Amino acid sequence: MVVADRVDGADVMARAAWRIIPLLGLAYMIAFMDRSNISFAAKTMNADLGFSATVYGIGGGVFFLSYALFEVPSNILLERVGARRWIARIMVSWGVIAAAMMFVHTAWQFYVLRFLLGLAEAGFFPGVIFYLSLWFPRAARGRAISRFYISGPLTRVVMGVVSVWLLEANGAGGLRGWQWLFLVEGLPAVGVGLLVLWLLPEEPARVAWLSRAEKDWLAGELAADGARNGPGHDRRVLRALRLPAVMLLGAVGFLTTCAYYTFTLSEPQILGAVTGWSVKSVGYLVSVGGLAGAAGMLFTGWASDRAGSRMPFMVGSTALVLLGYVLFATSGGVVSGLFAYACYVACWGSVTLSVWMLCTDLVGSRDMAVATAMVNAMSQAGAFFGPIAWGIARDRTGSYHAGLWGLAAVQVLALLCVGAIARYRRSAMPTAV
């Protein structure tokens with residue numbers, strides 16, 4: 001391997017990152033927008049269509065039911081047909097369905113389209129995590145995943161401003177503002193899906209912009225990671241489900257995603273109630289929060305790679321999100337509410353980022369595709385139940401107070417599960433991070 005010794009690994013990783021992460025980040029930004037833009041549409045859409053908080057909660061949550069049910073089949077197909085083709089298919093289909101949300105008039109139409117949207121998007125996120133694990137060794141993977149993942153909070157920057165503008169187009173062309181929102185924010189997924197089909201590289205061995213020595217170096221680094229994780233297994237779904245790392249990380253994902261998306265789907269309304277601000281001002285606050293979330297993710301990815309450990313960042317960010325929920329539930333005014341929001345937006349992404357960094361660190365390469373799909377399926381199942389319970393509580397009590405205490409209780413359970421992951425890592429895999 002004399003030739004491979006002269007390979008500049010940092011340069012290889014930098015070139016791979018520039019060719020892969022911006023495109024996938026743009027795709028995730030649009031996906032995140034299309035699944036959560038109903039939070040901005042909710043106030044006027046619910047009023048126009050006569051939807052109760054329970055109806056809205058069911059529609060918000062049913063997306064995650066279909067998303068969870070079809071995660072594993074989607075990732076199995078991704079392995080067979082290739083990431084480029086499958087991710088492109090996902091994007092085109094969800095873009096069409098997201099735009100079709102503008103035609104909703106009844107509760108059942110709302111439920112069906114949200115279910116189809118989840119079905120169309122299923123497999124996108126775990127597929128990308130699996131795909132990144134084929135390109136980036138463990139020592140660089142935290143930064144790679146975090147640079148992709150910041151598209152989630154950065155979407156808040158775009159959505160907080162653009163959604164307000166689109167809602168103000170109410171009446172233009174005979175359409176309501178919320179209809180313009182779904183149309184304009186849905187169709188870009190089709191165009192980006194075509195870009196993915198054209199530009200996304202397949203596996204490292206098949207690209208022309210890496211030399212043979214660079215391909216050999218990258219293959220060696222990835223093989224060394226696989227050896228540290230132990231021998232691979234076959235790809236049977238039940239085997240991946242029985243892996244302790246999958247079950248523990250899936251439990252954390254279930255609880256934190258339950259709380260996160262429940263809050264997100266009512267975020268503008270909660271912030272408006274806490275601050276007394278207008279829809280436009282709340283939209284700008286959400287945008288600022290997106291920048292804070294992106295900064296938190298980047299710091300977690302960089303610092304955990306540098307420290308060689310994921311757990312301190314996972315524990316700290318989970319605890320700070322819990323503090324945010326408790327402060328929201330006990331909020332005595334604008335200052336307390338804004339501090340609660342700061343804790344929440346700066347740290348929620350670091351929790352889920354830590355889940356995915358640990359998943360790719362602790363699971364063998366041959367189990368990776370199914371394992372990432374399993375963890376994400378368990379996570380999205382939490383996002384199905386949370387919004388429905390939240391909507392029922394809102395209709396019965398007339399406020400968000402009980403629901404916010406429920407989010408705090410769920411986050412306490414998540415913190416306990418994070419502790420269990422730390423104990424498992426020390427006892428079963430002492431050399432893993």
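What separates W178 and F182 in helix α11 (residues 177-186)? The two lie four residues apart in the helix, so about one helical turn separates them. The legends below start from that pair. This is a predicted model, in which local features need pLDDT of at least 70, side-chain atom pairs count only at pLDDT 80 or more, and totals for chains, interfaces and linings use all residues. Residues are numbered from 1 along each chain as its sequence is written, and side-chain values use heavy atoms, with hydrogens and water left out.

**View 1. W178 and F182 form an aromatic pair in α11.** The structure holds 33 aromatic pairs (rings of Phe, Tyr and Trp, the last by its six-membered ring, with centres within 6.5 Å). In the pair of W178 and F182, the ring centres are 6.2 Å apart and the planes stand at 75°, so the arrangement is edge-to-face. Planes over 60 degrees apart count as edge-to-face, those under 30 as stacked and the rest as tilted. Helices here are DSSP runs of H or I with at least four residues, numbered from the N terminus. W178 is buried at a relative accessible area of 3%, and F182 is buried at 1%. Buried means under 20% relative accessible area, exposed over 50% and partly exposed in between (1.4 Å probe, protein chains only).

**View 2. Helix α3 packs obliquely on α11.** Residues 38-49 make up α3. The axes of α3 and α11 are 8 Å apart, at an angle of about 140°. That angle makes α3 oblique to α11. Axes are lines fitted to C-alpha atoms, for helices over the stretch in contact, and angles run from 0 to 180 degrees between N-to-C directions. Under 35 degrees counts as roughly parallel, over 145 as roughly antiparallel, 65 to 115 as roughly perpendicular and the rest as oblique. The crossing of α3 and α11 is left-handed, a term for a near helix turned anticlockwise from the far one by less than a right angle (clockwise is right-handed). On the α3 side, I38, F40, A41, T44, M45, D48 and L49 make the contact (heavy atoms within 4.5 Å). W178, L181 and F182 make it on the α11 side.

**View 3. N37 sits in the loop between α2 and α3.** N37 counts as buried, at 2% relative accessibility. Neighbours within four places in sequence aside, N37 contacts M159, L181, F182 and E185. F182 is thus shared with the aromatic pair of View 1, so the two views can be read together.

**View 4. Helix α2 is roughly antiparallel to α7.** Helix α2 spans residues 9-36, and α7 spans residues 107-121. Their axes come within 11 Å and cross at roughly 160°. The crossing is left-handed. A31, D34 and R35 of α2 meet R114, L117 and E121 of α7.

**View 5. Helix α2 is also roughly antiparallel to α8.** Helix α8 covers residues 124-133. The angle between α2 and α8 is about 165°, with the axes 11 Å apart. This crossing is left-handed. From α2, the contact uses I20, L24, A27, Y28 and A31. From α8, it uses F124, F125, V128, Y131 and L132.

**View 6. Two arginines sit over aromatic rings.** R89 lies over the face of W86, at 4.3 Å from the ring centre. The charged end of R394 sits over the ring of Y400, at 4.7 Å from its centre. The criterion is NZ of Lys or CZ of Arg within 6 Å of the ring centre and within 35 degrees of the ring normal.

**View 7. C258 lies in helix α15 (residues 244-264).** C258 is buried, with a relative accessible area of 11%. Not counting residues up to four places away in sequence, C258 touches G253, G382, A383 and G386. C258 and Q411 are 153 residues apart in sequence, yet 9.1 Å apart in space, C-alpha to C-alpha.

**View 8. A408 lies in helix α21 (residues 401-428).** A408 counts as buried, at 4% relative accessibility. Sequence neighbours within four places aside, A408 is in contact with L322, Y325 and V326. A245 is 163 residues from A408 in sequence and 25 Å from it in space, C-alpha to C-alpha.

**View 9. I76 lies in helix α5 (residues 71-81).** At 23% relative accessibility, I76 is partly exposed. I76 and V370 are 294 residues apart in sequence and 7.0 Å apart in space, C-alpha to C-alpha.
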